[in-house]
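This briefing presents one protein structure to a reader who is new to reading such models. Please keep the sequence and the structure in view while working through the points that follow.

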Amino acid sequence: MRVSVVGLGYVGLVTAASLAEWGNQVVGIEASEARLSALRDGRMPIFEPGLDEVVQRNRESGRLQFAGPDAMSRAVHRADIVMVAVGTHDGHGGWQTDTISSTLDALVPMLGAGTTLVVRSTLPPEYVASLASYVEARAGENSGPVPTILNPEFMREGSALHDFMQPDRVVIGLVSDETGLGQRALAELYAPSSAPMVVLPALDASVGKLAANLFLATKISFANELAGICDSYGATIDNVVASMTYDKRIGTGFLRPGVGFGGSCLPHQVAMTLLDAQSREVHAPLLAAVKQINEFQPRRVLLALNRMLSGLHDARVALLGLTFKPDTDDLREAPSLRIAQHLLDAGARVVAYDPMPAARSSAVEQVPGLDVAESPMAAMRDAHAVVLATEWSVFRELDWLAAANIVRNPLMVDGRGALDAAAMTEAGWTYHAFGRGTHQPVTRSESVMVNVQNASAAIAHAEGALDGGHTR
Ligand code: UDX
C-alpha cells in the first residue's frame with residue numbers, strides 16, 4: 001500500500017519504518033529541518049534499538065523516503081493511507097492540540113478520493129468528539145467524505161519496533177467511515193501483524209488507549225506501595241509478586257517497584273486524566289493516589305540514604321542511570337532527575353553516569369549543579385553512597401567487588417531492584433532496594449567461611465567421583 005506518515009518522532013518514525021519493512025511504499029513527512037536532514041544523512045534523531053538498521057534497509061530498497069512539508073501534497077494525494085503522528089503534549093505536562101489541528105488544516109484539503117486519514121497521535125478524548133466535523137469541514141470538494149480512523153499506539157520505548165510488529169491488539173477507532181473503506185484499508189495494512197483487530201467507536205478507542213496506560217501506571221504504584229508493606233514485614237517483594245502473578249486475573253509485568261514511572265506517556269496521561277476528571281467533577285481518588293505515590297518514590301531514595309548515612313550534607317553520591325528506562329536516550333519525566341535535584345537540595349554532591357552521552361549532557365542542562373562522569377567507576381570514585389536509578393544492563397555486569405574498593409562507603413540504594421542482593425553483600429556492599437529491605441555486607445571472615453565450605457564440598461564431590469571409578 002502507499003502510506004504517508006506525517007510527523008517522525010518516537011511514534012511516527014517507528015511506524016513509518018515498520019510499515020516499509022512490511023513492504024508498503026512509505027513517505028515520511030517531517031516539519032523539523034534538523035530532524036529531516038539527520039534522517040536524510042542516515043542519522044537517527046531518536047535512540048531506539050534496531051531502528052537505524054530498519055530505516056537504512058528500507059531507504060536502500062526505496063520503500064522508505066523522507067520529505068518536508070513542501071512535498072506533502074504530492075505524498076498524500078496518491079496515498080491509500082495518510083497517518084498523522086504529531087505530538088500532543090505541551091511540554092509542561094498538559095495537552096496541546098494546535099499541532100494536530102494545523103496539520104489537519106493543511107492536510108485534509110489535499111486528500112484525494114479513496115484515501116483514508118488515520119490519527120495515531122494520542123488525543124484528549126474531548127478533541128476526538130469533534131474530529132469528524134473538523135475533518136468534514138476541511139475536506140476538498142472532490143474528495144467526498146474522508147474515511148477517518150483513530151489508531152492508537154501501544155509501543156514502549158526501547159522495544160517499539162517489536163511492539164509495532166507484534167502488537168497484542170490493533171485498535172481501530174471509527175471517527176467516520178460510512179463506506180467501510182477505512183476499516184478495509186487498515187485491515188490490509190495490519191494483516192502482517194496477525195494480531196486481533198478491535199474496532200470501536202473513536203471515543204471508546206481513545207479512552208481505551210488512556211485507560212491502558214492508567215492501569216499500567218496503577219500497577220506500578222501498587223507495586224511501589226506493596227514494597228513498603230513488604231519491608232514493614234521483612235517480606236521479599238520479588239517472591240510476593242511471583243506468587244501473585246500465577247493468578248491469570250492479575251497478569252505479569254509492570255509490578256516491579258522502583259523509583260517510579262517516567263517517560264512521555266504514563267506520568268502525563270495520569271496527570272491529564274486526573275485534571276480532566278477534576279474539571280468534570282468526577283471523583284478519581286485512585287488516580288490521585290497513583291500520581292502521589294509515583295511522585296514520592298524519588299524521595300524514598302533519600303529516606304534510605306539518610307538511614308544509611310549520617311546525613312547527606314557534603315556527601316558525594318554516585319547516580320547510576322539517568323534515562324527514564326534502559327535502551328532509550330529519553331529523559332522525559334525521568335525519576336533520576338528528581339533524585340538528583342533532591343540530593344543537591346540536601347547539600348550532597350551528585351556525580352551521574354548514563355551510557356547515553358546525550359542523556360548525560362541533557363541532564364547537566366536540566367539539573368544545575370549535577371556533575372556527570374564518563375564511566376560508572378569514575379562516577380563512583382570516593383562516593384559515600386551509590387544510587388541506581390535506571391536498570392541499564394551495563395550496571396549488572398559491573399565488577400562490584402572492585403567498585404567496593406573505590407567508593408568511600410560501599411552503600412547501594414538499588415532504585416530499580418536490578419542487582420542481586422546476595423552478590424552485592426558478598427562483594428562487601430550494604431544493599432537496599434524497595435521491597436527487599438537492607439542487607440549488610442558479608443564480612444570477610446563469613447565470606448572466607450563460605451568459600452571454604454564451597455571448596456570442601458567440591459573436594460568431596462571430586463573424591464566421590466574418583467571412588468566411583470569414573471572420571472568426570
Ligand atoms: C508506555 C506504555 O507501556 C506503552 O504501551 C505506551 O504506548 C507508551 O507509554 P513507555 O513509557 O515507553 O511505554 O515505557 P514503559 O516500559 O511503559 O515504562 C514506563 C515507566 O515505568 C519507566 O520509567 C519504567 O522504568 C517504569 N516501570 C515499568 C516501573 O517502574 N515498573 C515496572 O514494573 C514497569
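The protein carries 37 positive and 51 negative charges, and the mean positions of the two sets are 1 Å apart. These values come from a predicted model. The points below begin with the whole protein and then turn to an open sheet and to single residues.

**The protein as a whole**

- The protein contains 20 helices and 15 strands.
- Along the principal axes, the C-alpha atoms fill a box of roughly 85 × 65 × 45 Å.
- The protein has 472 residues, of which 52% count as buried.
- The exposed area of the protein is about 21300 Å², and carbon and sulfur atoms supply 54% of that area.
- For contacts between residues at least 6 apart in sequence, 71% join residues that are at least 24 apart.

**The open sheet**

- Strands of a sheet pair through backbone hydrogen bonds, and this pairing is either parallel or antiparallel.
- Seven strands form an open sheet with mixed pairing, and their order is β11-β10-β9-β12-β13-β14-β15.
- The edge strands of this sheet are β11 (371-372) and β15 (437-439), each of which pairs on one side only.
- Strand β9 (residues 316-320) runs parallel to β12, and four bridges join the two. In this pair, Ala318 stands opposite Val386 of β12.
- Strand β13 (residues 411-414) also pairs with β12 in the parallel sense, over three bridges. Here Val387 stands opposite Val413 of β13.
- Strand β14 (residues 430-433) pairs with β15 in the antiparallel sense over three bridges. Across this pair, Ala433 stands opposite Gly437 of β15.

**Side chains of strand β12**

- In which directions do Ala385, Val386, Val387 and Leu388 point from strand β12? Ala385 and Val387 point one way, whereas Val386 and Leu388 point the other way.
- All four of these residues of β12 (residues 385-388) are buried.

**Ala383, in the loop before β12**

- Ala383 lies in the loop between α16 (376-380) and β12.
- Ala383 has a relative accessible area of 0%, and therefore it counts as buried, a term that applies under 20%.
- Leaving aside residues up to four places away in sequence, Ala383 touches Arg316, Ala318, Val407, Arg408 and Asn409.
- Ala383 and Leu411 are 28 residues apart along the chain, and their C-alpha atoms are separated by 8.9 Å.

**Thr103, in helix α5**

- Thr103 belongs to helix α5, which covers residues 98-107.
- Is Thr103 buried or exposed? Thr103 is buried, because its relative accessible area is 10% and the limit for buried is under 20%.
- Which residues does Thr103 touch, not counting those up to four places away in sequence? The contacts of Thr103 are Val6, Val84 and Val86.

**Cysteines**

- The count of disulfides is zero, by the rule that a disulfide needs two cysteine sulfur atoms within 2.5 Å.
- Cys230 counts as buried because its relative accessibility is 3%, which is under 20%.
- Cys265 counts as partly exposed because its relative accessibility is 23%, which falls between the limits of 20% and 50%.

Key:
Residues are numbered from 1 along each chain as its sequence is written. This is a predicted model: local features need pLDDT of at least 70, side-chain atom pairs count only at pLDDT 80 or more; totals for chains, interfaces and linings use all residues. Side-chain values use heavy atoms; hydrogens and water are left out. Buried means under 20% relative accessible area, exposed over 50%, partly exposed in between (1.4 Å probe, protein chains only). Contact means heavy atoms within 4.5 Å. Accessible areas come from the Shrake-Rupley method with a 1.4 Å probe; for residues, only the protein chains shown count as cover. Lys and Arg count as positive and Asp and Glu as negative; His and the chain ends are not counted. The place of a charge is taken as NZ of Lys, CZ of Arg, CG of Asp or CD of Glu. Two strands pair if DSSP finds at least two bridges between them.
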